[in-house]
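Hi there,

Here is the structure I promised to pass on to you. Have a look at it first, and then read my notes underneath.

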Amino acid sequence: MTTAIQDLIRENAQRPVRKCYIKRKSIAGVYETDWYRVDIIDGVSQVKTWGSVSLEIDAEQGRIGKFSLGNLTMAFRNDTGAFNNENDARSLWYGYLNRKYTKLKIECGYLDEDNTTEVGMAVVFEGVIDYVKTSDDQTASVRVLPYTSILKAYDISDLSLTGKKSINTIVNAIMNQTKITDFIPYVASAAQENVDITDTSLITGNYWKVLTDLALKSASIPLLNASAWTFTGRTASVSSVFDFEGRGYAANSDIIAISSYDDGDTKTVIRWLVTGTNLEAITTDPVLLLKYLGNTETLTLDDVDTTPQKQGIIDELLALWQYPKQVIEFKTRFFINQIKPTDRVTIRIKGQYTPENTLIWGGNAWGDGSVWGTRIGSIILDSQTPFMVTKISKNISDWVTQITAEEIL
Amino acid sequence: MSNINFFKKNKLNSTVTPTFTSANTALMVNLYDNDTTSKLISSGSNDATPEVWQFDFAASVMIDAIHIANHNIKSGKIEYYNGANYVDFSTPIAWTANAAADNYFSFTQISTTSIKLTMNTTIVTNAQKSVGELRFLELLGTLSNNPSKFDIKFIEKTKEQVLDNGASLSVFFGENAEIKLKLDQCTQADMDILRTIKNTRASFYVYPNGGSNLTALQEGLRVRDMYFVNWTSDYTYKLPSGHLTGTIVGTDLTLKEAV
């Protein structure tokens with residue numbers, strides 16, 4: 001993150017920039033070349049509400065690595081009929097194919113101090129229109145699906161896969177097709193555990209279901225951020241993208257409110273089993289065994305080729321989940337697209353000392369007349385504790401971000 | 001004549017085809033985005049190199065006035081295409097030693113398919129030519145008397161958050177003008193203008209300055225200040241007290257910026 005963007009994010013008087021664009025399909029079904037701006041048309045604003053969008057890994061309770069990318073619903077003024085269907089001569093789609101599957105993207109950024117330069121402009125959401133609902137209150141409600149909807153539209157059977165193939169090969173076969181790269185630029189897969197699937201002809205489901213299944217089996221994450229795609233391990237970035245300073249550490253706090261805090265029990269799993277086998281990965285830490293006896297997850301890995309590969313998967317999952325990790329959810333400033341799931345961040349929040357003007361135990365020599373006080377507050381993160389972002393919700397309307405992050409041990 | 005003018009929406013819009021000497025045609029939108037601070041700027045120009053901006057309309061348009069705001073033109077001109085050549089308006093628009101950043105020009109109504117803006121020199125020598133807003137306007141009407149009351153406020157759309165240390169985080173999305181006019185001396189002709197505006201149920205420009213008051217300094221009344229608005233109050237009028245009929249009536253308007 002550049003200093004310029006960081007400084008603007010940390011300003012307490014902010015001037016957001018928000019732009020919405022569409023790409024329509026011609027009568028022949030070909031997308032227009034250039035994006036067409038629709039949040040302001042001929043100098044008149046069109047947007048009533050911008051909506052919010054969320055991205056999350058571990059979205060399904062009890063299911064590790066289930067990536068989820070939410071829909072976006074926007075509301076536009078429609079007193080001019082601009083959002084009516086293609087048969088209306090006033091419509092933006094007049095002369096084009098139809099509204100469904102029109103591409104839509106939102107770019108956001110900040111105006112600098114001089115109110116003249118846009119800084120950090122980036123795509124925070126991109127997808128396709130699912131439907132447009134018009135109403136008598138002269139508005140059009142536009143629901144937009146992320147590009148995962150394109151992956152859900154095709155069945156794996158159309159690839160006619162056969163034989164043994166590695167997970168990377170299967171993922172690449174799905175993602176490196178024109179009907180997919182028309183929406184999501186191709187990036188080669190780099191699965192954490194690139195195991196082999198014995199008989200790929202037995203794989204069923206739509207592309208997205210297959211990708212999430214393969215992610216679980218390879219301890220990976222299928223991450224789609226706007227149109228940026230990666231299939232990589234569930235590991236945090238090497239360096240911190242942002243250092244959150246909460247109450248007590250900086251004159252200018254980054255945190256609006258902490259929504260929830262879990263000191264680590266919720267996601268701990270100390271034993272992994274593979275159905276139909278005697279394969280097991282179990283913690284060797286006796287304290288964890290005492291604390292979390294019974295926290296077991298079971299995987300079905302029938303299609304993974306070899307026993308060592310199956311063992312490798314559950315060993316990797318045990319390493320990820322055996323120790324309790326703090327999980328914190330908080331509301332903060334709007335980060336455009338500067339933070340995404342798997343990014344490393346640090347967070348520190350200081351509790352209040354009481355009584356005031358005191359020192360904590362061990363701060364000074366005994367007998368020097370200091371008064372010993374104590375810290376209060378249920379959530380205290382003393383040092384710059386490293387966390388990995390697992391969920392981010394971007395509220396484009398209110399210009400705030402909700403982040404969920406788990407501790408990096 | 002009184003100050004206040006009303007105009008239809010800008011004839012300069014996304015349907016117009018631009019031809020510019022050096023300015024980026026993709027940024028023509030800066031001229032009609034109702035934001036005088038976003039400018040269209042030439043590139044590589046100087047006082048020896050005229051910058052010419054030609055605007056070709058998709059079909060003939062009627063124009064009575066031109067409003068040009070936040071510009072730096074010292075010498076230059078604006079002409080319209082009469083079907084054969086680019087010619088002057090009935091009152092020629094020509095700058096020779098201009099020092100004003102905002103201008104309003106009115107003339108006998110013309111119908112044209114093209115307008116050309118020629119910029120020769122800039123107020124600061126050899127600067128890039130720039131214009132913040134350019135409006136080609138068709139008059140809806142001019143009131144015959146000034147309002148007795150002109151109230152303007154700029155309503156902010158702001159989201160306030162409180163940080164966990166109690167500090168304020170203020171997010172400013174924009175501000176829009178709300179104008180309240182009290183008109184006590186409306187003739188029937190004035191009421192006909194207002195009724196026509198109300199019946200179109202469309203946004204329109206209100207120009208409180210009217211173009212003739214070059215010394216007004218208050219925001220809302222300056223030469224620069226033209227607002228694209230919706231008339232949000234009801235159409236109504238009052239006869240003077242004690243009269244059942246009369247030629248002069250009073251009315252109130254609430255206008256809210258529609259950008």
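**Where the two chains meet**

Chain B and chain A bury about 1900 Å² between them, and carbon and sulfur atoms give 50% of that area. If you wonder about that number, the size of an interface is often given as the accessible area lost when the parts come together. Please keep in mind that this is a predicted model.

How many residues does each chain bring to the contact? Chain A gives 27 residues, and chain B gives 21 residues.

You can also look for charged partners here. The rule finds 1 salt bridge across the interface of chain B and chain A. B:Lys159 is paired with A:Asp398 in a salt bridge, and their closest N and O atoms are 3.7 Å apart. In addition, 7 residue pairs are in polar contact between chain B and chain A, counting pairs with both residues at pLDDT 80 or more.

Which elements of chain B give two or more residues to the side that touches chain A? They are strand S12 (149-162) and strand S13 (168-186). S13(B) supplies the largest share of that side, with 6 residues. Sorted by class, the side of chain B that touches chain A holds 11 nonpolar, 7 polar and 3 charged residues.

**The second largest pocket**

Next, try finding the second largest pocket, which holds about 1000 Å³ of space. Its lining is made of 35 residues. To find the middle, select A:Val44, A:Arg77, A:Thr80, B:Lys9 and B:Phe228, the lining residues that lie nearest the centre of the pocket.

In chain B, helix H1 (188-200), strand S14 (204-207) and strand S15 (227-231) each give at least two residues to the lining of this pocket. By class, the pocket lining has 14 nonpolar, 11 polar and 10 charged residues.

**Cavities**

How many cavities of 30 Å³ or more does a search of the whole structure find? The search finds 3. I looked into the second largest cavity, where the space comes to about 40 Å³.

The residues that line this cavity are A:Gly264, A:Lys267, A:Thr268, A:Trp321, A:Tyr323, A:Lys325, A:Val327 and A:Glu406. Sorted by class, the cavity lining has 3 nonpolar, 2 polar and 3 charged residues. As a small exercise, you could highlight these residues in your viewer, with A:Trp321 and A:Tyr323 among them.

Happy exploring, and write back with any questions!

Best wishes

Key. Residues numbered from 1 in each chain as written. Chains lettered and ligands numbered in written order. Predicted model: local features only at pLDDT ≥ 70, side-chain atom pairs only at ≥ 80, totals over all residues. Heavy atoms only, no water. 1 Å grid on protein atoms, 1.4 Å probe; cavity = no way out; pocket = protein on both sides within 12 Å on 5 of 7 lines; lining within 4 Å. Points joined across faces, edges and corners; volume = space filled by probe spheres on them. Helix = DSSP H or I, 4+ residues; strand = E, 2+ residues; numbered from the N terminus. Nonpolar A, V, L, I, M, F, W, Y, C, P; charged D, E, K, R; others polar. Contact = heavy atoms within 4.5 Å. Buried area = accessible area lost by both parts, 1.4 Å probe. Salt bridge = Lys/Arg side-chain N within 4 Å of Asp/Glu carboxyl O. Polar contact = N/O pair within 3.5 Å; in protein donor to acceptor, adjacent residues only side chain to side chain.
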